[in-house]
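The exercises below are meant for a reader who is meeting this structure for the first time. Please keep the sequence and the model in view while working through each solution.

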Amino acid sequence: MTTVTFDQATCYYEGAMQPSVDALDLEIGDGEFLVLVGPSGCGKSTSLRMLAGLEHVHSGSILIDGRDVTETPAKDRDIAMVFQSYALYPHMSVADNMGFALRIAGVPRAERMTRVREAARMLDLEAQLDRKPAALSGGQRQRVAMGRAIVRRPQVFLMDEPLSNLDAKLRVQTRAHIAALTRQMGVTTVYVTHDQTEALTMGDRIAVMRDGQLQQVGNPRELYESPQNRFVAGFIGSPAMSFLPACFDGTALLVGGLRLPAPEIMHAGKPDQAFTIGVRPEHLEIADDGLPARVDFIEDMGSDIYVHASLGTDGAPLTVRVDPDKRPSPGTTVRLRVQKDRLHIFDRNEIRVA
């Protein structure tokens with residue numbers, strides 16, 4: 001059983017006014033695949049490096065399987081890390097690259113090769129064991145880097161944007177392979193990415209970060225359907241959620257000239273409060289009645305059409321998913337009906353209230 005705990009873990013970089021990671025509290029379960037996601041500079045890679053022992057923890061602590069490793073050197077933490085760059089030795093064969101850490105650790109050659117062949121079989125690299133990295137594709141090199149981590153049989157896998165150097169098609173194939181492989185092995189995995197699609201498709205749970213602070217943790221469906229604040233709502237989902245200004249008049253929400261029913265929880269508030277309405281592309285539809293919007297451009301994804309439009313006179317942007325046979329023309333005006341029971345409502349502090 002291997003768990004990971006961040007307990008108020010904080011990291012400052014020299015000269016910075018704010019911590020790169022600010023009092024991070026996070027529990028990662030045994031065998032769990034947890035994805036740290038957020039925009040560039042949010043602190044996700046720093047959090048991973050703190051766990052790896054590559055960044056100093058200025059306050060708080062980090063525990064692996066209940067053992068405080070805050071001051072433990074990286075080499076003694078029993079973790080294996082896969083980086084964005086493959087960092088393979090060009091003069092060594094695939095087999096030697098995969099077994100290098102074992103050789104340094106003094107593992108006998110026979111055992112080394114047994115582990116290397118086992119990992120190569122899992123990663124479909126058996127035919128490449130005698131080849132050099134220069135003779136491999138990008139996806140194969142990434143699998144060699146994965147194999148190097150696997151042969152060590154660590155307590156925890158750490159992966160820092162390992163797919164960033166791959167093309168789109170190969171990235172989809174490889175992320176499915178990584179997710180299946182880590183679940184098969186049952187090793188606790190912490191995976192860092194800025195790509196929310198990767199996060200949604202790979203993680204058992206997702207931890208969303210912003211400006212060094214944890215915003216929300218949950219499974220992909222929870223984050224998609226019940227974001228705790230506007231940032232999480234806008235970051236999770238592709239295309240992103242659309243946001244519209246709204247006002248509560250005491251009985252209803254006024255949005256672009258429409259009156260929408262206000263949730264019961266809002267009735268205790270004061271009238272004339274400002275809110276923001278969030279709505280996902282699949283919860284809008286072109287209809288005979290609704291919000292008037294000008295079609296700006298069309299994004300044709302094959303099975304789906306995404307209409308990017310501007311709402312009425314305020315010009316608030318909206319994205320609508322429509323069937324290909326209902327495709328409007330750019331420059332025309334359409335009316336958009338909102339699925340009223342699928343709205344997300346955020347207060348002036350950007351906290352979700354309903």
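**Exercise 1: one residue of a helix**

Ala101 lies in helix H2, where helices (H or I, at least four residues) and strands (E, at least two) are DSSP runs numbered from the N terminus. This is a predicted model, in which local features need pLDDT of at least 70 and side-chain atom pairs count only at pLDDT 80 or more, while totals for chains, interfaces and linings use all residues. Residues are numbered from 1 along each chain as its sequence is written, and side-chain values use heavy atoms, with hydrogens and water left out.

Task: decide which exposure class Ala101 belongs to.

Solution. Begin with the classes: buried means under 20% relative accessible area, exposed over 50%, and partly exposed in between (1.4 Å probe, protein chains only). Ala101 has 27% relative accessibility and therefore counts as partly exposed.

**Exercise 2: the largest pocket**

Task: describe the lining of the largest pocket by residue, by element and by class.

Solution. A pocket is an open set of points on a 1 Å grid over the protein atoms alone, where a 1.4 Å probe fits, with protein on both sides within 12 Å along at least five of seven lines; lining residues have an atom within 4 Å of a point. Step one is the residues: there are 22 in the lining, and Ile79, Ala80, Met81, Ala101 and Arg152 lie nearest the centre of the pocket. Step two is the elements: strand S6 (79-82), helix H2 (94-104) and helix H4 (138-150) each supply at least two lining residues, and H2 gives the most, with 5. Step three is the classes, which come to 17 nonpolar, 1 polar and 4 charged residues; here Ala, Val, Leu, Ile, Met, Phe, Trp, Tyr, Cys and Pro count as nonpolar, Asp, Glu, Lys and Arg as charged, and the others, Gly among them, as polar.

**Exercise 3: helix H4**

Task: find out how many residues of H4 are buried, and what covers them.

Solution. Of the 13 residues in H4, 11 are buried, so that the helix is mostly covered. The buried residues include Arg143, Met146 and Ile150. What covers the buried residues of H4 includes S6, H2, helix H3 (109-122), strand S7 (156-160) and helix H5 (168-185), contact being heavy atoms within 4.5 Å.
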